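Student: I would like to learn how to read a protein model step by step, beginning with the overall fold and then turning to single features. Where should I begin?

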Amino acid sequence: MNIRAPSLNAKAFTCVAALAACALLSGPLQAEERIVTVKVSVNTAGLDAGQPAGARQLYGRLQHAAKFLCGRGMRVGLQPVDDFAGCVESAIGEAVRSAHLPQLTIEYLSTHTLQQATTHGIDVPVLAAAK
């Protein structure tokens with residue numbers, strides 16, 4: 001996912017698109033199948049991801065974008081994802097990991113375990129790990 005905002009790294013969420021494509025094609029590939037990368041931009045207008053409320057809203061937007069990517073959005077002519085829930089979790093985890101935003105990580109940890117964060121390579125701030 002691509003994010004454009006002065007306070008965020010615009011390239012931070014591009015890994016989500018690659019991850020969604022990997023999840024999309026994680027099943028056995030046949031010789032005639034083509035690998036496709038699917039991207040979606042996440043609007044951060046009006047959000048301050050450094051504040052809890054802004055991070056919460058950004059996290060909600062990431063969830064919506066991940067569900068769109070892993071669901072039927074932008075998938076004309078493509079096979080459905082075998083594991084929708086796994087695709088969504090991977091896409092969100094990759095987006096949070098690539099963002100390196102402590103408040104966004106804290107928001108992620110409100111619904112996920114430290115083990116899940118570690119699985120996606122998310123750096124957990126010390127204060128978030130203590131909660």
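Tutor: We will go from the whole chain to one helix and then to one residue. Please keep in mind that this is a predicted model.

Student: How many helices and strands does the protein have, and which pattern do they follow along the sequence?

Tutor: The protein has six helices and two strands, and, read along the sequence, these elements follow the pattern β-α-β-α-α-α-α-α. Of the 131 residues in the protein, 41% are buried, and carbon and sulfur atoms supply 56% of the roughly 7500 Å² that the protein exposes.

Student: What span should helix H3 have, and how far apart are its end C-alpha atoms?

Tutor: Helix H3 covers residues 84-99, and at 1.5 Å a residue its 16 residues should span 22 Å, which agrees with the 23 Å between its end C-alpha atoms. Many positions in H3 are buried, including Cys-87, Val-88, Ala-91, Ile-92, Ala-95 and Val-96. As a general idea, an α-helix has 3.6 residues a turn, so residues three or four places apart point the same way. After H3 comes His-100, whose phi is positive, near 55°.

Student: Is Glu-107 buried or exposed, and why?

Tutor: Glu-107 counts as buried because its relative accessible area is 17%, and the cut-off for that term is under 20%. Glu-107 lies in helix H4, which runs over residues 102-109.

Student: Which residues is Glu-107 in contact with, leaving aside its neighbours within four places in sequence?

Tutor: With those neighbours set aside, Glu-107 is in contact with Ala-55, Arg-56 and Tyr-59.

Definitions and conventions: Residues numbered from 1 in each chain as written. Predicted model: local features only at pLDDT ≥ 70, side-chain atom pairs only at ≥ 80, totals over all residues. Heavy atoms only, no water. Helix = DSSP H or I, 4+ residues; strand = E, 2+ residues; numbered from the N terminus. Buried < 20%, exposed > 50% of the residue type's maximum accessible area, 1.4 Å probe, protein only. Areas by Shrake-Rupley, 256 points an atom, 1.4 Å probe, with all protein chains shown as cover. Contact = heavy atoms within 4.5 Å. Expected span 1.5 Å × (residues − 1).
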